[in-house]
Amino acid sequence: MSVNPDLAGRVFPPTAPYLVGREKVREFARAVFADDPQHTDVDAARALGYADLVAPPTFAMVIQDLTLQQLLAEPDSGIALERTIHAEQRFRYTRPIVAGDELTGRLSVTGVRAVGKGAMVTSEAEVTDAAGAHVVTATSILLIGGDE
């Protein structure tokens, strides 16, 4: 296995705060074909009881990507991006992401499992708001191919 098994249990520092902007929510909604008005129309979102635009559920990937960049940058990880496939993704929400949120992610590697010559790396990004309250946990499984 080319991936460092000692990655399991590693916890990374929190990311810099990410301010969720209205236009980013709208752009993301268009990109994923989320056409519900709560994603693009502030009045529609407020009519549903939200303070601002509601991000589509997969928007959490924007924050999780910041945490995964930390993992990929680890010099001892053994993870080569050119041999990596994003195999699985899950989200567990406490509340939706809303424009105006200031979010921080903290990545934990929860598992490294050998698969043939490669490995599966499971990680969880805990995303919290400016008050430190949980917003979403984004779980990702990366499949990393082994060396030839």
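Gln-38 is in contact with Ala-44, Ala-45, Leu-48, Tyr-50, Leu-53 and Val-54, leaving aside its neighbours within four places in sequence. The residue is found in the loop between helix 1 and helix 2 (42-47). Gln-38 counts as buried because its relative accessibility, 16%, falls under the 20% limit. The model described in this report is predicted.

## A second buried loop residue

Ile-79 lies in another loop, the one between helix 3 and strand 2. With a relative accessible area of 10%, Ile-79 is buried. Its contacts, not counting neighbours within four places in sequence, are Val-3, Leu-7, Leu-71, Leu-72, Thr-84, Val-121 and Ile-144. Ile-79 may also be compared with Val-112: the two are 33 residues apart in sequence, and their C-alpha atoms are 11 Å apart in space.

## The paired strands

The report now turns to the strands and their partners. The table lists the pairings in which strand 4 or strand 5 takes part.

| Strand pair | Sense | Bridges | Facing residues |
|---|---|---|---|
| Strand 3 (residues 102-115) and strand 4 | antiparallel | 11 bridges | Val-115 and Gly-118 |
| Strand 4 and strand 5 (residues 134-144) | antiparallel | 10 bridges | Thr-128 and His-134 |
| Strand 2 (residues 84-93) and strand 5 | antiparallel | 9 bridges | His-86 and Leu-142 |

Strand 4 is bridged to strand 3 and also to strand 5. Strand 5, in turn, is bridged to strand 2. The chain can therefore be followed from strand 2 to strand 5, from strand 5 to strand 4, and from strand 4 to strand 3, with antiparallel pairing at each step. Besides Thr-128 and His-134, Glu-126 stands opposite Thr-137 in strand 5.

Two of these pairings are hairpins. Strand 3 and strand 4 form a hairpin with 2 residues between them, and Gly-116 in the turn has a positive phi of about 60°. Strand 4 and strand 5 form a hairpin with 5 residues between them, and here Gly-132 in the turn has a positive phi of about 90°.

Is strand 5 largely enclosed or largely open? Of its 11 residues, 9 are buried, so strand 5 is largely enclosed by the rest of the structure.

Ser-123 offers a view from within strand 4 (residues 118-128). Its relative accessible area is 1%, and Ser-123 is therefore buried, the limit being under 20%. Leaving aside neighbours within four places in sequence, Ser-123 is in contact with Leu-68, Leu-107, Ser-108, Val-109, Thr-110, Ala-138, Thr-139 and Ser-140.

## The nonpolar cores

In soluble globular proteins, nonpolar side chains tend to be buried together. In this model, the largest nonpolar core has 16 residues. Which residues have the most contacts inside this core? They are Val-20, Val-25, Phe-59, Ile-97 and Leu-103. Helix 1 (22-31), helix 3 (60-73) and strand 5 each supply at least two residues of this core. Apart from it lies another core, of 14 residues, which includes Phe-12, Val-121, Ala-125 and Ile-144. Two of these residues, Val-121 and Ile-144, are also among the contacts of Ile-79.

Val-20 belongs to the largest core. Not counting residues up to four places away in sequence, Val-20 touches Val-25, Phe-59, Ile-97, Val-98, Ala-99, Gly-100, Asp-101 and Leu-103.

## The aromatic rings

A search of the whole structure finds 3 aromatic pairs. In one of them, the rings of Tyr-18 and Phe-59 have their centres 6.5 Å apart and their planes at 55°, so this pair is tilted. Tyr-18 is in strand 1 (residues 18-19) and Phe-59 is in the loop between helix 2 and helix 3; with 41 residues separating them, the pair links distant parts of the chain. Both Tyr-18 and Phe-59 are buried.

Why is the pair of Phe-28 and Phe-59 called edge-to-face? The ring centres are 5.2 Å apart and the planes stand at 75°, which is over the 60 degrees required, so the pair is edge-to-face. This pair also links distant parts of the chain, since Phe-28 is in helix 1 and Phe-59 is in the loop between helix 2 and helix 3, 31 residues apart. Phe-28 and Phe-59 are both buried.

Taken together, ring pairs link Tyr-18, Phe-28 and Phe-59 into a cluster. Phe-59 is also one of the residues with the most contacts inside the largest nonpolar core, and Phe-59 is touched by Val-20.

Technical notes. Residues numbered from 1 in each chain as written. Predicted model: local features only at pLDDT ≥ 70, side-chain atom pairs only at ≥ 80, totals over all residues. Heavy atoms only, no water. Helix = DSSP H or I, 4+ residues; strand = E, 2+ residues; numbered from the N terminus. Buried < 20%, exposed > 50% of the residue type's maximum accessible area, 1.4 Å probe, protein only. Contact = heavy atoms within 4.5 Å. Pairing = 2+ DSSP bridges. Core = buried A, V, L, I, M, F, W, Y, C linked by side-chain atoms within 4.5 Å. Phe/Tyr/Trp six-rings, centres within 6.5 Å; stacked < 30°, edge-to-face > 60°.
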